[in-house]
Amino acid sequence: MTKDDNCKGETEKLFKLVSPFEPAGDQPQAIEQLTRGLNKGVKDQILLGVTGSGKTFTMAQVINKIQKPTLILAHNKTLAAQLCSEFQEFFPENAVSYFVSYYDYYQPEAYLPVSDTYIAKDASINDEINKYRHTATMNLLTRKDVIIIASVSCIYGLGSVQDYKALAITLKVGEMMKRDTLLRRLTDIQYTRSGNDFKPGMFHVLGDVVEIFPPSSDDYVYRLEFFGDEIENIVEADSFTGEVRAELSETTIFPAKHSVTTEEKVKGAIEGIQAELFERHAQLLEIGKALEAERLKTRTEYDIDMLRETGYVTGIENYVRYFDYNGEEGRRPTTLMDYFSDDFLLFIDESHITVPQIGGMHGGNYSRKKTLVEHGFRMPSSFDNRPLNFPEFEKFMNRAVYVSATPSKYEYAHTLQENIAEQIVRPTGLIDPEVKVKSSNGQIDDIKKEISETISRGERVLITTLTKKSAERLTEYLVEGGIKVRYLHSDIDTMERIEILRDLRLGKFDVLVGINLLREGLDLPEVSFIAILDADKQGFLRSTSALIQTIGRCARNVSGHVTMYSSEVEEDGKTHLKITPAMREALDETDRRRMIQVAHNTKHNITPETIKKAVRDITIGGATKLRTKKRDKQKIPKEEIARYITSLEAEMDIASLNMQFEKAADLRDEIDTLKQENGMLGVL
C-alpha cells in the first residue's frame, strides 16, 4: 500500500478510536489475531482474557480496524450500561447506543392449572430506556458508524423493520405539503397531539408552526415552519429552552413505536384473527373443552372489538402473526439484528453466561404460552410472539467473537484452536493470585489467622460458602470474635449491595461473606485474600469456571492469594486432600497464567503494583454514565421547569437501575435544588 492509499483509507474511516493508551501486554497480538480472522471471514473466534487484561480496549481496537457496525451482547442491563459508558468514551464522535428491555417491572401473562389461577400481564415501562432503544434503531437506519450495546432482550420481536422504514416521514425545506396532511401522517405512525404535557412521541401545533418530539430523545424537538403549503424552515431546537441547535435542510421522522399499526393493517389483522378463532373454537369443542372454547371466544371477540374501535388492545403482541407476518405461521420474529447490515460484527461478552441465557429463553416462553393456549386464554398464533430460538440466533453469528475469562463448551466446540486469542498478560504486571489447598479441618482457625494478617496490611477479605446457613453461622462466629464482617446474600437489593461493597472498600468493615460473589461490579482492589469453603463439593459454584472467576477477584492486588479448603480422604492407608477435577483444572490454569505473566514482567522489567481505584468508581465497574447533554438551567422557561424536573427524575431512575448511584445522587440533588429555587418542594 502506498502512502497515498493509506491516507485515503484513513479519511474513509467511519469509526475513530480516542484513547490516551496504546495496546500493551497481550493486547497487540490479540488485536492482530482477531482482526486477521475477521478479515478472512472466520465465523467463530474467542477472546480469552483474564480479569484486568483490558478486553474492552481490545474490542474497541478491533472495531476501529474492521470499521463495521457492531453489536455487543451482555447478559444483563448493568453490564450493558458499563460497556456502553466505556465505548462512548472510546468513540465520542460515533453513534454508541444502549438497547435493553424497557421494563422496570414485568409480569408476563400466565395460567397456573393446579390452582386455576390466571395472572394478567403487568408491566411498567421506563421511558428513558425506551428513548435509548429508539435512538439505537434510528442510528442503525441512518448511519454506518454504529455500536449497539444490548442485553439479550434484543432477541425478542421488535416489529417489522420494513414497516418502520417505509412509514418514516422525510421532510425537506421547500417541499410542498399541507400542514394537516403532515398531522394525519404523524398520527398514522403513532404520534399523539400534546395536551398539557409535551413528551417524546408527541407533536405540538401553534398556527403555522409544528413541533415534533422524536421518541429517540428528550432534549430536542424538530420545529417546522410553514408558509402556506410549503415547508419554509426546519430547525432542531432544545426541547426545554426552545434555543435553536441546528438549522436543517431536511430530516426524517421515524415512527413513535417500533410496532407500527395502520388502519389497513388492523382491518387485515381482524380478518385473520376471526378466521383463526372460528377454527380454534371448533377444535376445542371437538375435544370436549367447552369451557375453554367459550373462554377463548369471549376474550378474542373483546380484543377484536377493541381493535375496531381504537386500533389497539392490551396484549396486541399476541397477534403479531397478523400484523407483521401476513398470517404466516411460525415465522421468525423481527429483532434488533434485522436492523443491522449483513456484515456487522458480533461480540458476546461474558459468553459463558450470555450464550446459555440466549439458548434458554425460547423454551421458557414456549412452555408458558402452551399452557395459555391449551386452556383457552390465547390462540395458537400467540406462539409467534416469542424470542429467537437458538438456531435462529446462530444464523446472525456470521462473524462472532466470544469474550470471556472462562469460555464454556459451546464456544470451544465452535472455535478452532488457531482462532482463540489469549490475553493473559496484564499491562499492569499484576500476577494471578497464588492458590493453596488446605484441609477443612481447622479451617476456621486458619481463616482467622489470614484475616488478622490481611487487616494488618490494611486490606480486605472475601469468604465464599455454599449455603446461606453456613454463611450466616460463619458471619455470627466472626462477629463474636470481634471481627468487622458483613454478609452478602440474595435478599439484599441492588442499592444496599452497592453500599455494602463501598463500605468494604472504605474499610468500615474488613470481611465480606457470601455464597455467590461472582456478580458483575465486584471490582475490589483492596481484597488480597479469598477463602473458598467446601471447594471439593461438586456443583455450579465449584465448577472450573466458577473457581477461576472467584480466584480472579483478588487479581488486582499484589498481595492477592487464595485458599481452597477441602476435605481429607483416605486412600491406600494414606490421608490426603480431595482434589476434584474442577479444582485441578482451576489450579493448573492459574499456574499457567502466573508463569506467562511472570515471564513477561521479567522480560520487560515490570514491577507489579496494586490497582489504585477511587472508591466512587465502584459503580458499574468504574463506568461513569451514559452520555447526556449539559443544559443552562437559566434558559429554561418557568413553564417548562416541571417537565424538565420530570425528565431528570426519569434519568435518575435509570441511573439507579444500572447501579450508577453517584450519578443518581447528583441528579437527586439537582432536582431538589430546582424544586427549592422554583418553590416546588412538596409539589411534584
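A: Before we start, a quick term: two strands pair if DSSP finds at least two bridges between them. Also, keep in mind that this is a predicted model.

Q: Okay, so which residue in β12 is the bridge partner of Met202?

A: That's Phe213. Met202 belongs to strand β11, residues 202–206, while β12 covers residues 209–213.

Q: How many bridges join β11 to β12, and do they run parallel or antiparallel?

A: There are 5 bridges, and the two strands run antiparallel. They form a hairpin with 2 residues between them. In that turn, Gly207 has a positive phi of about 65°.

Q: What's on the other side of the pairing list for β12, I mean with β13?

A: β12 is joined to strand β13, residues 220–227, by 4 bridges, again antiparallel. Glu211, for example, has Arg223 in β13 as its bridge partner. β12 and β13 make a hairpin too, with 6 residues between them.

Q: And how many residues of β12 are buried?

A: 4 of its 5, so the strand is mostly covered, with buried meaning under 20% relative accessible area.

Q: Switching to helices: at what angle do α17 and α18 pack?

A: About 45°, with their axes 8 Å apart. That makes α17 oblique to α18. The crossing is right-handed.

Q: Which residues of α17 meet α18?

A: Thr544, Leu547, Ile548 and Ile551. Among their partners in α18 are Ala582, Met583 and Arg593. By class, the contact has 6 nonpolar, 2 polar and 3 charged residues.

Conventions
Residues numbered from 1 in each chain as written. Predicted model: local features only at pLDDT ≥ 70, side-chain atom pairs only at ≥ 80, totals over all residues. Heavy atoms only, no water. Buried < 20%, exposed > 50% of the residue type's maximum accessible area, 1.4 Å probe, protein only. Axes fitted to C-alpha atoms, helices over the stretch in contact; angles between N-to-C directions. Parallel < 35°, antiparallel > 145°, perpendicular 65-115°, else oblique. Left-handed = near helix turned anticlockwise from the far one by under 90°. Contact = heavy atoms within 4.5 Å. Nonpolar A, V, L, I, M, F, W, Y, C, P; charged D, E, K, R; others polar.
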